[in-house]
Amino acid sequence: MTDKLTLDMRLATVAELVPSGAVFLDVGTDHGYLPARLLLDGKITEAGASDINADPLSKAVRTAEKYGVKDRMSFYLSDGLDLVPDLQRYNCISICGMGGELIARILSDSEYVRSDGVKLVLQPMSSAEELSVYLAENGFSITDERIAFAQGKLYRVIAAVYDGVRRTYTVLEHILGRINIEKGVSQPYFDMFLLKNILKYRRVCDGKRMGGIDAAAENEVLGELYRIAEKEGVEFENDANVNRT
């Protein structure tokens, strides 16, 4: 059979952060494309796929059958990690395709994600800042980050491990990602991600000013975003209303 299983850029970026040789569990697997692709590539040795709903899980089973990897996959009907009976098998867990607050809830509900040697790959569809705050305040170290662009949207992909150390990041580091900021424009799509957030905070500041609401905090963040853009050589439309000193 011809292998035609292609991941979109979002899932391909997640796959990049999965360690070679991992025993891998994909939470919220949907069609099971990610674990199947990783098995086909020989990057992982075994895979699990879980989903809260039976229909997407049955689609994941069919994907595994279609591409000849079902014998190396296990399937779980589970809300997060709650009903995965052999969770200790897995040393890499991805939680993708859901909101950052839901990802944080799944992590909060599981002691196993705090075990030594367990790597996490997280891809929030929304509320990435809230997820970043949760990780920092609850002892998770962000070890790597990527920015993905798929179907006209930008996404943060976060690799993390638990080390028990609580961290304090700036608002800007929660928005863009500390590692993404360090990489700057050497990181694919960083310029687009930066401009997206500049436009977002411009709208917030403009809306608050029009409503007579204090926008000092948002204005400060916008000024920091402008400074990063200038440092990285990313062109943006000037806004004279922003304090950039």
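**Exercise 1. Which residues does Asn-197 touch, not counting residues up to four places away in sequence?**

Start with the model. It is predicted, so local features need pLDDT of at least 70 and side-chain atom pairs pLDDT 80 or more, while totals for chains, interfaces and linings use all residues. Residues are numbered from 1 along each chain as its sequence is written, and side-chain values use heavy atoms, leaving out hydrogens and water.

Step 1. Place the residue. Asn-197 lies in helix α8. Helices are DSSP runs of H or I with at least four residues; strands are runs of E with at least two; both are numbered from the N terminus.

Step 2. List its partners. Asn-197 touches Ile-175, Leu-176 and Leu-225. Contact means heavy atoms within 4.5 Å.

Step 3. Check its cover. Asn-197 has a relative accessible area of 5%, so it is buried. The cut-offs are under 20% for buried and over 50% for exposed, with partly exposed in between (1.4 Å probe, protein chains only).

Step 4. Add a distance. The C-alpha atoms of Asn-197 and Leu-222 are separated by 8.4 Å. Along the chain these two are 25 residues apart.

**Exercise 2. Test the length of α8 and describe its packing.**

Step 1. Compare spans. Helix α8 covers residues 190-210, which is 21 residues. The expected span is 1.5 Å times one less than the number of residues. That gives 30 Å, and the end C-alpha atoms are 30 Å apart, so the two agree.

Step 2. Find the buried face. Phe-190, Phe-193, Leu-194, Asn-197, Ile-198, Tyr-201, Arg-202 and Cys-205 are buried in α8.

Step 3. Name what they pack against. The partners of these buried residues include the helices α5 (128-137), α6 (171-176), α7 (178-183) and α9 (216-232). The strands β6 (140-150) and β7 (153-162) are also among them.

Step 4. Look past the end. Gly-212 follows α8 and has a positive phi, near 70°.

**Exercise 3. Locate two non-glycine residues with positive phi.**

Step 1. Recall the background. Most residues other than glycine have a negative phi.

Step 2. Take Asp-30. Its phi is positive, about 60°. Asp-30 sits in the loop between β1 (22-27) and α2 (33-40). Its relative accessibility is 38%, so it counts as partly exposed.

Step 3. Take Ser-127. Its phi is positive too, about 55°. The loop between β5 (119-124) and α5 holds Ser-127. At 25% relative accessibility, Ser-127 is partly exposed.

**Exercise 4. Judge the overall fold.**

Step 1. Count elements. The protein chain has nine helices and seven strands.

Step 2. Apply the globule rule. The radius of gyration is 20 Å, close to the 18 Å given for 245 residues, so the chain is as compact as a globular protein of that length. The radius is taken over C-alpha atoms; the rule is 2.2 Å times the number of residues to the power 0.38.

Step 3. Add extent and burial. The C-alpha trace spans about 60 × 40 × 30 Å along its principal axes. Of the 245 residues, 49% count as buried.
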